[in-house]
Amino acid sequence: MSGPRERMSQREAMAALHAARRADDVVVTSMGAARIWMALGARPLDLPLVPSSMGTAPSIGLGIALAQPGRRVIVVNGDGAMLMNLGSLVTITAAAPANLTLILVDNGVYEVTGAQPTPGAAAGRADGASVDFEVIARACGFRSVYHFSNAASWTRDIERVLGEPGPTFVLLDVISMPGTPGPRSPGPAAARALELRRRLARGFS
Amino acid sequence: MFSGEQIAALFAELGVTHVVTVPDSTIGKWGDAIARANGMHLVRVCREGEAWSVAAGLHFGGARPLVLIQCTGLFESGDSLRNVLHDWKLPIFSVIGYRSFLNQETLPGDSCLVFTEPVLDAWKIEYKLITSESQIGTIREHYRACLAAGKPGAALIAEGKA
């Protein structure tokens, strides 16, 4: 458990990742992160998971990482979504893909539904102390775990973090933005699925 | 009904690269043989909803995954299955254990017998019911037909005691 902490804007956090990612990385984003990522400019190998089944982004990223062991896969997930699929943290470390980085953007709320607190956030808990995802990740078997609360340190260290042998877990404390809309689908999902598989199969970058 | 070696040989023949699974007392006995098979990987997940999403990622990445779960896990899979098979329209094949179909000694009146087939129908998954070892060819043919059509499908394996 932990108390109040410093937070960065999610857009700053995502912009740093956008600048640091390599062209041949696969970046899987969901919910609010997908909306920001598409606004920043998704690359052809990226998977904005829209439409999604909430919570599944880490599992989908794991599958891509296992199928493409020579390629870095970066998943950006929200805290509400993470709570829906905490077991995926164990599944990831069981498979132990060295090419997978899971970034958790923690704003403490279900942002796109009106910023209701999650059961993991201080405001959603009887004891008023938020659940510590850093501790959870370590307990689930992640050996490379990072935690950033301001954009300057995240931007400074991001290339080193992404260069670590994975699986790597990164916790980013971000500010909630109530009233933010959910992501809009960039096009028919089935056609995008076919195209992504085709690009990955031929080593597109 | 089937040995692990029979199933592993069948999956290998069909070109399956990854078997994503949560075990039960029947299909769980196949895991070791699948893990030993050349060119095939066993991916253990914590719950069945994860299995569909991991399989989706494997498919995106160019692999040919198969989901191996019990019918109770099918019930658990709901939204993930919907997203993978019907939003993204990925042709993920599954092999699903049908609890208590052959024997209700342990769980008389097991509700799995009430809901399994209607749930598969509701999710629009074409399945073949496998009740004897002689039907291994049915699994092979159904898998190949689904692969050729680019659509999901399932083999529903009748199980005995829970």
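How are α3(A) and α3(B) oriented to each other, roughly parallel or oblique? They are oblique, a class left for angles that are not under 35 degrees (roughly parallel), over 145 (roughly antiparallel) or 65 to 115 (roughly perpendicular).

This is a predicted model: local features need pLDDT of at least 70, side-chain atom pairs count only at pLDDT 80 or more, and totals for chains, interfaces and linings use all residues. Residues are numbered from 1 along each chain as its sequence is written, with chains lettered from A and ligands numbered from 1 in the order in which they are written.

**The helix pair**

Helix α3 of chain A spans residues 57-67, and helix α3 of chain B spans residues 48-60. Helices are DSSP runs (H or I, at least four residues), as are strands (E, at least two), numbered from the N terminus. The two axes come within 6 Å and cross at roughly 40°. Axes are lines fitted to C-alpha atoms, for helices over the stretch in contact, and angles run from 0 to 180 degrees between N-to-C directions. The crossing of α3(A) past α3(B) is right-handed: the near helix is turned clockwise from the far one by less than a right angle.

Residues of α3(A), including Ile60(A), Leu62(A) and Ile64(A), meet residues of α3(B), among them Val54(B), Leu58(B) and Phe60(B). Contact requires C-beta atoms, placed from the backbone, within 7 Å. This helix contact has 10 nonpolar, 5 polar and 1 charged residues. Ala, Val, Leu, Ile, Met, Phe, Trp, Tyr, Cys and Pro count as nonpolar, Asp, Glu, Lys and Arg as charged, and the others, Gly among them, as polar.

**The chain contact**

Chain A gives 28 residues and chain B gives 26 residues. On the chain A side, α3, α5 (87-95) and α8 (189-201) each supply at least two residues. The largest share, 8 residues, comes from α3(A). By class, that side has 16 nonpolar, 11 polar and 1 charged residues.

**The sheets**

Each chain holds an open parallel sheet of 6 strands. Strands pair if DSSP finds at least two bridges between them.

| Sheet | Strand order | Pairing |
|---|---|---|
| chain A | β2-β1-β3-β4-β8-β7 | parallel |
| chain B | β2-β1-β3-β4-β6-β5 | parallel |

In chain A, β2 (47-48) and β7 (144-148) stand at the edges. Each has a single partner strand, so one side is left without a neighbour in the sheet. β1(A) (residues 26-29) joins β2(A) through 2 bridges. Val28(A) has Leu47(A) as its bridge partner.

In chain B, the edge strands are β2 (41-44) and β5 (127-130). The twist averages 20° from one strand to the next. β3(B) (residues 65-70) and β4(B) (residues 93-98) pair over 5 bridges. There, Leu66(B) is partnered by Phe93(B).

Methods: Two residues are in contact if their C-beta atoms, placed from the backbone, lie within 7 Å.
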